[in-house]
Amino acid sequence: MQISKQNINKIPELEFIKFEPIDNQTKITAWNNNHLVAEFAIPGEINKKCIVAKKTIQMLKQLIDDSTSIDATSTFDIKSSKGKYKGSLISDEQDLTFTFNESSTQTFVYNNEIIARALEYVATKGTITKNIHGVNVGENGVVATDNAKVYLYGQPNDDVKSIIIEPNFLKLICKKKFTEIIANERQVLITDEDDINWYGTLIQGKYSPLNRLMTAKGDPLKIDFKEILPYVNIAISSLDVLNNKELSLIGTVTIKSSKGRVTIATENYNVEVGTCEQEFKMSFFGNILQTMIKHDIQEIYYKSTGHPVFTKISDSETTMYMLKAE
């Protein structure tokens, strides 16, 4: 069977990849043991159903040229102008039994850019950690949370149906382009721009109690955050750094207004940066504040030192950050 460079590059490098001849096409199904499944069809019919490992697909992509061919008679034979490779076939005992119930689905119209931004706000230096609770996709909005941060897109409502998608699945799929998310009671389906169907398992759960949470939003601070941002960056730079597998900032940055004077302070740094008629005090852990200032802050909402801080970053996006307890 001849196979094009374009179709070879579409094959996901998951743990197992199955080739099946179906009606003059080859159906390709790739999966991991954690139930992430990708499925699509390419022109041309392979001579025999077979399952191979990720290593074989990696070799196929290295040997790719304009005349690459594959044969699965006894081994997975790859031929091209760059050489020949015999890949091992995996026993049918490893075959995947997979179905997706299409009779009771709901469609959520969110694209990869929205979901990627949700992940960006709760990931730590781009890493999906165990603190991330998943990305909750609802009829009216998207919510992503970890132990200290919340990202809100739209106007999520506690009372409407929503789904929680495992974050590592989304991190992979957000590298693709898609325009909607389809879900049934247990599974999620996303079709990317290459017509590859990606299937994942939903996490059981529901929205955080957003209606109650939003009552802590408070009032907008009458302070130009862009003006004080250079001093906030200096304050963050003054914190000590612990290098234990990943960089972690030690200590807190306090931004407060008292008797009309606004100050920014850490253990080793202090500066007066202006005036504000409102009284407030916000003490941030260094890593949290570093995440917060990466993004364009239009407004900051503050209620008291015992409540989280909210920021408006666009007309449709709000973030929430936990303050250091006093």
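**Exercise 1. Find what joins S6 to S7, and how the two strands run.**

Solution. A hairpin of two residues connects S6 to S7. The model is a predicted one. Next, place the strands: S6 covers residues 76–80 and S7 covers residues 83–87. They run antiparallel, with five bridges between them. Now pick one position. Asp77 stands opposite Lys86 in S7.

**Exercise 2. Work out the strand order of the open four-strand sheet, and name its edges.**

Solution. Start with the order. It reads S21-S20-S19-S22, and the pairing is antiparallel. Then look at the ends. S21 (270–275) and S22 (280–285) are the edge strands, each pairing on one side only. From one strand to the next, the twist averages 15°.

Step inward to S19, residues 252–258. Six bridges join S19 to S22, and these two run antiparallel. One position to check is Thr254, whose bridge partner in S22 is Ser283.

Last, add the helix. H6 (residues 225–237) lies across S19, S20 (261–265) and S21. Its direction makes an angle of about 140° with S19.

**Exercise 3. Describe the largest nonpolar core, then look for a second one.**

Solution. Begin with the count: the largest nonpolar core has 79 residues. Which members touch the most others? They are Phe19, Ile181, Ile255 and Met282. Helix H3 (residues 112–122) gives the most to this core, namely six residues.

Now take Ile181 by itself. Set aside its neighbours within four places in sequence. Its contacts then include Phe108, Tyr110, Ile115, Val137, Ile163 and Ile165. Gln106 and Thr107 are also among them, as are Val188, Leu189 and Ile190.

A second core is separate and has eight residues. Among them are Phe16, Ile51, Ile182 and Leu189.

**Exercise 4. Decide whether Lys49 is buried, partly exposed or exposed, and list what surrounds it.**

Solution. Locate the residue. Lys49 sits in the loop between S3 (37–43) and S4 (50–53). Read its relative accessible area: 36%. Buried would need under 20% and exposed over 50%. Lys49 is therefore partly exposed.

Then turn to its surroundings. Leave out residues up to four places away in sequence. Lys49 touches Lys18, Phe19, Glu20, Pro21 and Asp95. Pro21 is 28 residues from Lys49 in sequence, yet their C-alpha atoms are 6.3 Å apart. Asp95 adds a polar link: its side chain makes a polar contact with the side chain of Lys49, at 3.0 Å.

Notes: Residues are numbered from 1 along each chain as its sequence is written. This is a predicted model: local features need pLDDT of at least 70, side-chain atom pairs count only at pLDDT 80 or more; totals for chains, interfaces and linings use all residues. Side-chain values use heavy atoms; hydrogens and water are left out. A nonpolar core is a set of buried Ala, Val, Leu, Ile, Met, Phe, Trp, Tyr and Cys residues joined through side-chain atoms within 4.5 Å. Buried means under 20% relative accessible area, exposed over 50%, partly exposed in between (1.4 Å probe, protein chains only). Contact means heavy atoms within 4.5 Å. Two strands pair if DSSP finds at least two bridges between them. Axes are lines fitted to C-alpha atoms, for helices over the stretch in contact, and angles run from 0 to 180 degrees between N-to-C directions. A polar contact is a pair of N or O atoms within 3.5 Å; within protein, one must be able to donate a hydrogen and the other to accept it, and residues adjacent in sequence count only if both atoms are side-chain atoms.
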